[in-house]
Amino acid sequence: MDLNARELLDKLNTEHSLSLEEYQYLLDNRDQELMDLAAEYARGFQAKHYGKQVFIRGLIEFTNFCRNNCYYCGIRRDNRDCERYRLSEDAILECANLGYELGFRTIVLQGGEDMAYSDDDICNILKAIKAAHPDMVITLSIGERDRASYEAYFKAGARRFLLRHETANPKLYAKLHPAELSWQHRMDCLKDLKDIGYQVGAGFMVESPGQTSKDLAMDLKFIEEFKPDMCGIGPFISHKQTPFAKEDSGKADTTLFCLSLIRIIYPEVLLPATTALGTIDAKGREKGILAGANVLMPNLSPTNVRKKYTLYDNKICTGEETAECINCLKGRVSSIGYEIVVNAGNRAGFEK
Ligand code: 5AD
Ligand code: FES
């Protein structure tokens, strides 16, 4: 193990902060021993704030229409081979009901940036779910909208919002997205969301095309400073109908190391072991939890649309029923000595 790296990791473990250069040094000088030690420190904070509990959120992918054209994403506007679908308010409500029966007390409504759903539509969906299940905590993940819209959704009952920042480096952002998308605007959205009172989820892809260790260090610094309630990270995985079809996918190890560092940086953070991590490595989600993650987000979408919500190739769990995934996850989680719990899954220390 590189001794300077070990010293930096110990410093991070007590101070929860490093400089940009120090984060980069850790990333550049990691070996298995350092990664194991980082995971051990991460598990310490995970145990302190969450015990052996793993939270679950039900993901309802309600539309794969998207006005954007991100170079990495399979549901980008220009992908003519993507079969598009939208779920009606009734179909979404049905998913939420099923989720409730299966023990979810929090769901995520995720979709492409589909302006066919007006603010009123979104608000009506939120109100209908809250009317049926007052104790269901609803997360939105529908991309960039106006502050006034975000305020309306909050009023209608949404309490969390996931909007990955994608990368903290505006230069890399410009390589991953067409010029019509603005890094600054995305950051402004995140600030608005936090300001309105949402529990906010940020996040980024690991080893996206052109990403350097300095870029990743910038992401870690951003998490340290912005302190999102949740941080969703997973490896970049290529999709054959995108401009990045021929790019290499990210690796599980790099993702796991980042998960551990994020847990150490912000011990209370909600940290999902993502489907992308489970796709790149058959035991990715278990390894993610052992590296410090404490959230799983199984798919609650109707099975007949799942294959159409393909952000990257070979996505897992597109053929299974939700109940099957829950049972599968229960087995996976208990195999490593953790347990899935039925609750709203708030961040430790979160004040309502
Ligand atoms: N590989 C991995 N993650 C992806 N996402 C989109 N496309 C890919 C891909 N090809 C992530 C983005 C987005 C989230 C919903 O999924 O970070 O914010
Ligand atoms: Fe879906 Fe295992 S979690 S099949």
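Ala, Val, Leu, Ile, Met, Phe, Trp, Tyr, Cys and Pro count here as nonpolar, Asp, Glu, Lys and Arg as charged, and the others, Gly among them, as polar. By these classes, the shell around ligand 1 has 8 nonpolar, 2 polar and 2 charged residues. The structure is a predicted model, in which local features need pLDDT of at least 70 and side-chain atom pairs count only at pLDDT 80 or more, while totals for chains, interfaces and linings use all residues. Residues are numbered from 1 along each chain as its sequence is written, with chains lettered from A and ligands numbered from 1 in the order in which they are written.

## The surroundings of ligand 1

A residue is taken to be near a molecule if its C-beta atom, placed from the backbone, lies within 6 Å of it. The residues around ligand 1 are Tyr72, Cys73, Arg164, Glu166, Met205, Gly234, Phe236, Ile237, His239, Ala276, Leu311 and Tyr312.

Tyrosine 72 lies in the loop between strand 2 and helix 4; helices (H or I, at least four residues) and strands (E, at least two) are DSSP runs, numbered from the N terminus. Burial is judged by counting other C-beta atoms, placed from the backbone, within 10 Å of a residue's own: 20 or more make it buried, 12 or fewer exposed, and a count in between partly exposed. Tyrosine 72 is buried, because 21 other C-beta atoms lie within 10 Å. Two residues are in contact if their C-beta atoms, placed from the backbone, lie within 7 Å. Apart from its neighbours within four places in sequence, tyrosine 72 is in contact with Leu176, Ser208, Phe236, Thr242 and Phe244. The C-alpha atoms of tyrosine 72 and isoleucine 237 are separated by 8.2 Å, although these residues are 165 residues apart along the chain.

## The nonpolar core

A nonpolar core is a set of buried Ala, Val, Leu, Ile, Met, Phe, Trp, Tyr and Cys residues joined through C-beta atoms within 7 Å. The largest such core has 105 residues, and those with the most contacts inside it are Ile60, Ile107 and Ile262. Helix 10 (residues 252-265) gives the most to this core, with 9 residues. Leaving aside neighbours within four places in sequence, isoleucine 60 is in contact with Ile92, Cys95, Ile107, Val108, Leu109, Gln110, Leu300 and Ser301.

## Helices 4 and 5

The expected span of a helix is 1.5 Å times one less than its number of residues. For helix 4 (residues 89-101), with 13 residues, this gives 18 Å, and the end C-alpha atoms are 18 Å apart, in agreement. The buried residues of helix 4 are Ile92, Cys95, Ala96 and Gly99. These residues cover an arc of only 100° around the axis, which puts them on the same side of helix 4; the arc is that of the directions from the helix axis to the C-beta atoms. An α-helix has 3.6 residues a turn, so residues three or four places apart point the same way. On the other side of helix 4, Asp90 and Glu101 are exposed. The buried residues of helix 4 pack against strand 2 (58-63), strand 3 (106-111) and helix 5 (119-132). Glycine 103, with a positive phi near 105°, follows helix 4.

Helix 5 has 14 residues and should span 20 Å, which agrees with the 20 Å between its end C-alpha atoms. Within helix 5, Ile122, Ile125, Leu126 and Ile129 are buried. The buried residues of helix 5 fall within an arc of 95° seen down its axis, so they line one face of the helix. Asp120 and Ala131 are exposed on the other side of helix 5. Packing against the buried residues of helix 5 are helix 4, strand 4 (137-141), helix 6 (147-155) and strand 5 (158-162).

## Two loop residues with positive phi

Most residues other than glycine have a negative phi, and most peptide bonds are trans. The table lists two residues other than glycine in which phi is positive.

| Residue | Phi | Loop | C-beta atoms within 10 Å |
|---|---|---|---|
| Histidine 16 | near 60° | between helix 1 (3-15) and helix 2 (20-28) | 13, partly exposed |
| Asparagine 314 | near 60° | between helix 13 (303-306) and helix 14 (322-335) | 12, exposed |

## Leucine 193

Leucine 193 is part of helix 8 (residues 183-196). Leucine 193 is buried, with 27 other C-beta atoms within 10 Å. Beyond its neighbours within four places in sequence, leucine 193 is in contact with Tyr150, Phe161, Leu163, Tyr198 and Val200. The C-alpha atoms of leucine 193 and phenylalanine 161, 32 residues apart along the chain, are separated by 7.3 Å.
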